[in-house]
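Student: Could you take me through one part of this protein slowly, as if we were both leaning over the screen? I'd like to see how a single stretch fits with what surrounds it.

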Amino acid sequence: GDLTRLGAKTIVDFVENNPDVVHVEETFVGKAASFERESGIKKRHRGLGEAAIAEFFANIDEKIDPKEPVLILFEDSDIRRINAFFQGNAHLLSTRALLVGMEECSIIESADEVWQSIISAGRKPSDKMIDQPSTYSGESRSWKPL
């Protein structure tokens, strides 16, 4: 990805410094999108995120114990259209809901400030608040620290 984008370096550093908590799974869809970007192709394809998630869930049993929680962080509210792919251990979290939750946990000072900086950087994120916990085995889980 482009490390010059707002917050990109912080996210990469967090992922690299927390390999026991955050696991990144590469998909065929993701590889194809990366190849296009690296080849200089600027065309944006609608639905790539949903396709990558659907691919991930089609092979989830090979990668994750069904008892382990899976957090799906997404920016586009269209993710709900493919809700059928999600198993009981999947927690859906929109970018907006993540920021509000981070403010509630005092991880960031202001969700609105970060939100405005995302918009100022030229992004057009969905402002839908989706924080749909998994209910695997009837047990609700939260992504927030206790």
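Tutor: Let's look closely at the stretch that runs from strand 2 through helix 4 to helix 5. Keep in mind that this is a predicted model.

A quick overview helps you find your place. The chain has five helices and three strands, and if you read along the sequence they come in the order α-α-α-β-β-α-α-β. The chain has 146 residues, of which 27% count as buried. About 10400 Å² of the chain is exposed, with carbon and sulfur atoms supplying 53% of that area. Take the contacts between residues at least 6 apart in sequence: 54% of them join residues at least 24 apart.

Now go to strand 2, which covers residues 90-94, and find S94 in it. Is S94 buried or exposed? Its relative accessible area is 3%, and buried means under 20%, so S94 is buried. What does S94 touch, once you leave out residues up to four places away in sequence? The list is L73, F74, K128, M129 and I130. With K128 there is a detail to zoom in on: a polar atom of the S94 side chain lies 2.8 Å from the backbone oxygen of K128.

Move on to helix 4, residues 95-104, and helix 5, residues 111-120. These two helices pack at an angle of about 145°, and their axes are 8 Å apart. On the helix 4 side, the residues that meet helix 5 are T95, R96, L99, V100 and E103. Their partners in helix 5 are A111, D112, V114, W115 and I118. Sorted by class, this contact has six nonpolar, one polar and three charged residues.

Try E113 next, which lies in helix 5. Its relative accessibility is 57%, and exposed means over 50%, so E113 counts as exposed. Compare its position with that of L99: the two are 14 residues apart in sequence, and their C-alpha atoms are 9.8 Å apart in space.

Last, what about the loop that links the two helices? S106 sits in that loop, between helix 4 and helix 5. With 65% relative accessibility, S106 counts as exposed, because the cut-off for that is over 50%. Check its backbone too: phi of S106 is near 60°, a positive value in a residue other than glycine.

So you have two serines to set side by side: S94 in strand 2 is buried, whereas S106 in the loop is exposed.

Methods
Residues are numbered from 1 along each chain as its sequence is written. This is a predicted model: local features need pLDDT of at least 70, side-chain atom pairs count only at pLDDT 80 or more; totals for chains, interfaces and linings use all residues. Side-chain values use heavy atoms; hydrogens and water are left out. Helices (H or I, at least four residues) and strands (E, at least two) are DSSP runs, numbered from the N terminus. Buried means under 20% relative accessible area, exposed over 50%, partly exposed in between (1.4 Å probe, protein chains only). A polar contact is a pair of N or O atoms within 3.5 Å; within protein, one must be able to donate a hydrogen and the other to accept it, and residues adjacent in sequence count only if both atoms are side-chain atoms. Contact means heavy atoms within 4.5 Å. Accessible areas come from the Shrake-Rupley method with a 1.4 Å probe; for residues, only the protein chains shown count as cover. Axes are lines fitted to C-alpha atoms, for helices over the stretch in contact, and angles run from 0 to 180 degrees between N-to-C directions. Ala, Val, Leu, Ile, Met, Phe, Trp, Tyr, Cys and Pro count as nonpolar, Asp, Glu, Lys and Arg as charged, and the others, Gly among them, as polar.
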